[in-house]
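The following exercises are to be worked with the sequence and the coordinates at hand. Each task is followed by a solution in steps.

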Amino acid sequence: MIVYIVEASRWGSNENHSYVLGCWDSLEAAKKAADEHIIYRGGKYMCTVLQCNLNNEIDSDWSKSVLYQV
């Protein structure tokens with residue numbers, strides 16, 4: 001089963017501050033959550049939607065896993 005993980009990062013950098021917003025089973029729901037979260041956080045955070053197979057690690061080549069970024 002494919003799941004979609006939304007990660008938020010302050011000013012677009014994982015080194016400053018980042019966290020997992022949540023996990024969805026629908027890409028559209030994950031994208032909607034990412035879009036709403038950047039508005040909620042006042043534009044200080046960038047959100048990335050990653051694709052992962054349940055019970056597996058994210059591919060080490062993130063370019064294959066990143067599906068959406070706002």
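**Exercise 1.** Determine whether Asn-55 is buried or exposed, and describe its backbone.

*Solution.* Step 1: the relative accessibility of Asn-55 is 75%, so the residue counts as exposed; the classes are buried (under 20% relative accessible area), exposed (over 50%) and partly exposed in between, with a 1.4 Å probe and protein chains only. Step 2: Asn-55 is located in the loop between strand 3 and strand 4 (66–69), where helices (H or I, at least four residues) and strands (E, at least two) are DSSP runs numbered from the N terminus. Step 3: the phi of Asn-55 is near 65°, a positive value in a residue other than glycine. For reference, most residues other than glycine have a negative phi.

The model is predicted: local features need pLDDT of at least 70, side-chain atom pairs count only at pLDDT 80 or more, and totals for chains, interfaces and linings use all residues. Residues are numbered from 1 along each chain as its sequence is written, and side-chain values use heavy atoms, with hydrogens and water left out.

**Exercise 2.** Compare the expected span of helix 1 with the distance between its end C-alpha atoms.

*Solution.* Step 1: helix 1 has 14 residues and should span 20 Å at 1.5 Å a residue; the expected span is 1.5 Å times one less than the number of residues. Step 2: the end C-alpha atoms are 20 Å apart, which agrees. Step 3: at the start of the helix, a side-chain oxygen of Ser-26 comes within 3.3 Å of the backbone nitrogen of Glu-28. Step 4: just after helix 1, Gly-42 adopts a positive phi of about 70°.

**Exercise 3.** Which residues of helix 1 are buried, and what do they pack against?

*Solution.* Step 1: the buried residues are Ala-30, Ala-33, Ala-34 and His-37. Step 2: they cover an arc of only 100° around the axis, so they are on the same side of helix 1; the arc is that of the directions from the helix axis to the C-beta atoms. Step 3: the face turned away from this buried side carries the exposed residues Glu-28, Lys-32 and Ile-39. Step 4: the packing partners of the buried residues are strand 1, strand 2 (18–24) and strand 3. Step 5: His-37, with a relative accessible area of 10%, is in contact (heavy atoms within 4.5 Å) with Ala-8, Tyr-19, Leu-21 and Cys-47, leaving aside neighbours within four places in sequence.

**Exercise 4.** List the residues of the largest nonpolar core and the elements that supply two or more of them.

*Solution.* Step 1: a nonpolar core is a set of buried Ala, Val, Leu, Ile, Met, Phe, Trp, Tyr and Cys residues joined through side-chain atoms within 4.5 Å. Step 2: the largest one has eight residues, namely Tyr-4, Val-6, Ala-8, Ala-30, Ala-34, Tyr-45, Cys-47 and Val-49. Step 3: strand 1 (2–10), helix 1 (27–40) and strand 3 (45–53) each give two or more residues to this core. Step 4: with neighbours within four places in sequence left aside, Ala-30 is in contact with Tyr-4, Val-6, Trp-24 and Val-49.

**Exercise 5.** How many disulfides does the structure hold?

*Solution.* Step 1: a disulfide is a pair of cysteine sulfur atoms within 2.5 Å. Step 2: the closest cysteine sulfur to that of Cys-23 is in Cys-52, at 8.0 Å, and therefore too far for a bond. Step 3: Cys-47 is in no disulfide, and the nearest cysteine sulfur, that of Cys-23, is 14 Å away. Step 4: the structure holds zero disulfides.

How values were computed: A polar contact is a pair of N or O atoms within 3.5 Å; within protein, one must be able to donate a hydrogen and the other to accept it, and residues adjacent in sequence count only if both atoms are side-chain atoms.
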